[in-house]
Amino acid sequence: RVLDIPYSEVDKVAKLVPNTLNITLEEAMQQEPKFKELIKDPRMAELIEIAKSLEGQVRHASKHAAGVVISEEPLTEYVPLYKGPKNEITTQFDMKGVEKIGLVKFDFLGLRTLTVINKAVETINTGLAKAPLAQVESFSINRIPMDDEKTYELLARGETAGVFQFESSGMRDTVIKMKPQCFEDLIALGALYRPGPLAGGMVDDFIKRKKGATKITYELPQLEPILKDTYGVIVYQEQVMQISRTLAGYSLGQADLLRRAMGKKDPEVMAKEKVPFLEGAKKQGIDVKKAEAIFDLMAKFAEYGFNKSHSAAYALISYQTAYLKAHYPVEYMAALLTSEVQDTDKVVKYIYEAREMGIVILPPDVNESRWDFTVVEAHKRDNNVETGNTIGSVRFGLAAVKNVGSSAIEAMIEAREAKGAFTSLADLCKKVDQRRVNRRVVEALVKCGAFDFTGARRAQMTEAIDMVMAEASKYQEQESVGQFSIFASIDGHREPGLPDVPEWKESKLLAYEKESVGFYLSGHPLAAFQADIARYGTATTETLDSFPDGKEVTVCGIIAGLKQKITKKNEKMAIMNLEDLSGTVEVIVFPDLYKTSQHMLLTDTPLVVVGTLDKSEQGNKIKALRLHLLTDVKKKGTSRVDIKLNATGLTQEDLVKVKDILLRYKGDIPVFLRLRNPTRKESLISVGREIRVNPTEQLISEIEAVLGAGAVSLG
């Protein structure tokens with residue numbers, strides 16, 4: 001900004017830096033030849049020179065999210081303090097400095113997920129309390145079995161939306177590849193799914209060993225009991241400590257010092273630590289060369305080693321959320337939606353997930369809804385019987401309706417509990433305190449469908465709001481002073497007539513729903529095209545994170561917002577928000593494409609956008625290369641079936657299953673395998689002319705049941 005270089009140019013420079021942990025600018029310039037071309041521009045040369053001098057400096061003063069410092073005397077006796085922007089008192093020393101001067105530092109971590117679990121358990125027990133006496137045994141999250149088959153099956157299928165730690169698309173792919181079968185696997189997943197182990201290939205190595213694709217060997221038999229649970233891979237810091245104690249006779253204190261030294265990767269300290277380790281191993285009768293090889297192996301893995309106790313605590317919460325989702329899906333999703341009630345994007349995502357699970361999301365209702373999302377009809381638990389495709393219902397929480405604050409919600413709940421259920425719009429306006437439930441609140445409730453139970457049309461009620469509220473206000477004034485006319489008892493029960501206005505078109509109904517709750521509630525303009533979106537798209541707004549920067553993707557959706565811009569060359573371009581069933585993404589349409597496709601940008605019909613993915617700190621964007629109307633793509637038909645396969649975790653059994661499925665759906669369309677190897681490079685392989693298919697929905701769903709959602713795309 002100071003050098004007045006446009007963001008787009010700076011962004012290109014930043015993207016030249018390889019995505020390697022702790023890389024310096026100097027190393028980046030040596031690795032990336034394009035930097036040499038770049039610094040021929042004096043502005044860029046100056047930018048990089050300044051960046052080098054700033055590299056490694058303190059960027060800003062920040063605070064530890066959960067760090068609390070405790071001292072015997074007032075903190076001012078030991079350490080300088082400062083006040084943060086929200087008047088929080090913070091030490092000027094960082095956590096290492098605080099420890100060096102002898103103060104005690106604790107990390108008290110609060111997780112929203114714990115509240116979600118607690119809320120789900122409360123709801124489950126409320127439902128159990130209403131059950132016949134024979135079934136009334138309260139549910140406790142602390143008593144769930146840790147080897148539950150249904151829970152591990154849910155994780156293996158990648159149905160991890162709402163499961164703590166396992167929600168990201170990358171983690172979901174890893175879970176599908178690994179197919180965890182025990183709690184130890186979950187602990188390892190949490191420890192391994194970090195930048196270091198991922199970049200170092202540890203994750204793929206771990207999965208191959210677990211599945212038997214790589215033989216598990218131990219340098220010494222003493223290592224087997226220590227590394228057996230992690231298939232011979234050193235994953236945890238505690239394993240480094242155990243090895244040093246077993247092989248070199250270290251005390252617990254010495255083992256901890258070795259762990260710290262390895263974690264810091266200090267060559268001098270490591271050289272010093274190697275001597276006592278080898279001496280200790282010699283005393284234990286271990287061959288010096290083998291001991292040295294093991295020390296070097298420990299040093300290599302300690303760089304990525306993770307604290308097992310920390311990972312185990314997180315894995316427990318992950319398992320508990322997965323168990324609740326597997327066994328009590330309705331109660332769990334209601335609790336999850338309540339926890340994210342102020343985050344529209346998360347609410348959209350979880351409502352979509354709930355519907356996929358067979359949970360009916362009932363619209364807001366002024367008589368039924370409370371502040372939070374509530375379970376209306378819990379699923380039948382006898383032998384886990386489900387009624388059709390529906391496993392239960394959740395009533396929409398009023399806190400998720402825009403312009404309806406907590407005071408208005410409290411006023412409505414108080415009124416209906418004290419004066420009975422509301423029978424109409426007018427009845428609600430008479431019963432509630434209009435200082436707390438104002439016109440804006442009432443309009444939002446009408447538009448989102450909270451009065452639909454009355455049978456009145458939303459257009460009618462919106463037209464009548466001012467008149468109804470004025471009548472109700474007059475009624476309340478008379479009631480407060482006790483002055484009623486002789487006909488008051490009759491007038492008080494008479495409903496003011498609603499104007500005879502036709503109902504809005506479906507597009508307008510849905511648009512107003514989106515305005516009041518942030519998304520489409522009773523339907524979605526894309527709902528009818530769900531199968532086509534899955535067929536012709538290679539990604540959704542939710543799965544974009546799993547694709548590398550610069551990857552060509554195809555996303556189907558409708559235009560939720562459009563801005564036209566004029567470039568420096570006086571050419572028109574557009575930036576649009578493309579919305580699909582799981583969220584939105586920004587799409588940039590450059591002038592050349594805009595000229596040929598601007599007619600498509602003025603329509604509300606579904607579009608197919610083909611473009612390159614642009615990932616940055618601000619989020620994902622797509623730079624459009626081609627735009628098509630979905631109807632046009634459908635007319636052209638399907639010319640090929642692509643099946644995505646991850647080389648890691650892929651078994652012979654999986655391939656046999658896929659082949660059997662393809663042979664059951666014979667047709668004329670060629671099939672291609674997109675094989676992705678651990679380096680994330682993709683190979684395209686034709687399965688041959690002898691296997692051609694009829695790409696039905698059933699074919700797609702059967703293959704995706706084996707390989708995971710989104711494995712099949714049609715071209």
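The following legends describe an overall view and several close-up views of a predicted model.

**Figure 1. Overall view of the predicted protein.** The protein contains 30 helices and 17 strands. Its C-alpha atoms fill a box of roughly 105 × 70 × 65 Å along the principal axes. Of the 715 residues, 43% are buried. Among contacts with a separation of 6 or more, 65% join residues that are 24 or more positions apart. The exposed surface amounts to about 39,000 Å², and carbon and sulfur atoms supply 51% of this area. The protein carries 96 positive and 99 negative charges, and the mean positions of these two sets are 4 Å apart.

**Figure 2. Surroundings of D365, a buried residue.** D365 belongs to the loop that links strand 5 (359-362) to strand 6 (374-377). What is the nearest side chain of opposite charge to D365? That side chain is R395, at a distance of 4.4 Å. Because a salt bridge requires a side-chain nitrogen of Lys or Arg within 4 Å of a carboxyl oxygen of Asp or Glu, D365 has no salt bridge. A polar atom of the D365 side chain does, however, lie 3.1 Å from the backbone nitrogen of E368. Beyond its neighbours within four places in sequence, D365 is in contact with R395, R416, A450 and F453.

**Figure 3. Helix 22 and the elements that cover its buried residues.** Helix 22 spans residues 439-447, and its buried residues are V441, V442, A444, L445, V446 and K447. The cover over these buried residues includes helix 20 (406-419), helix 21 (425-431), helix 23 (458-481) and helix 25 (506-517).

**Figure 4. The two ends of helix 22.** At the N-terminal end, N438 acts as a cap: one of its side-chain oxygens lies 3.2 Å from the backbone nitrogen of R440. Just after the helix, G449 adopts a positive phi of about 95°.

**Figure 5. D4, a residue with positive phi that is not a glycine.** D4 is located in the segment before helix 1 (7-16). Its phi is about 60°. Is D4 buried or exposed? D4 counts as exposed because its relative accessibility is 66%.

**Figure 6. N570, a residue other than glycine with a positive phi.** The loop between strand 8 (552-566) and strand 9 (572-580) contains N570. The phi of N570 is near 65°. With a relative accessible area of 65%, N570 is exposed.

Key
Residues numbered from 1 in each chain as written. Predicted model: local features only at pLDDT ≥ 70, side-chain atom pairs only at ≥ 80, totals over all residues. Heavy atoms only, no water. Helix = DSSP H or I, 4+ residues; strand = E, 2+ residues; numbered from the N terminus. Buried < 20%, exposed > 50% of the residue type's maximum accessible area, 1.4 Å probe, protein only. Lys, Arg positive; Asp, Glu negative; His and termini not counted. Polar contact = N/O pair within 3.5 Å; in protein donor to acceptor, adjacent residues only side chain to side chain. Contact = heavy atoms within 4.5 Å. Areas by Shrake-Rupley, 256 points an atom, 1.4 Å probe, with all protein chains shown as cover. Charge placed at Lys NZ, Arg CZ, Asp CG, Glu CD.
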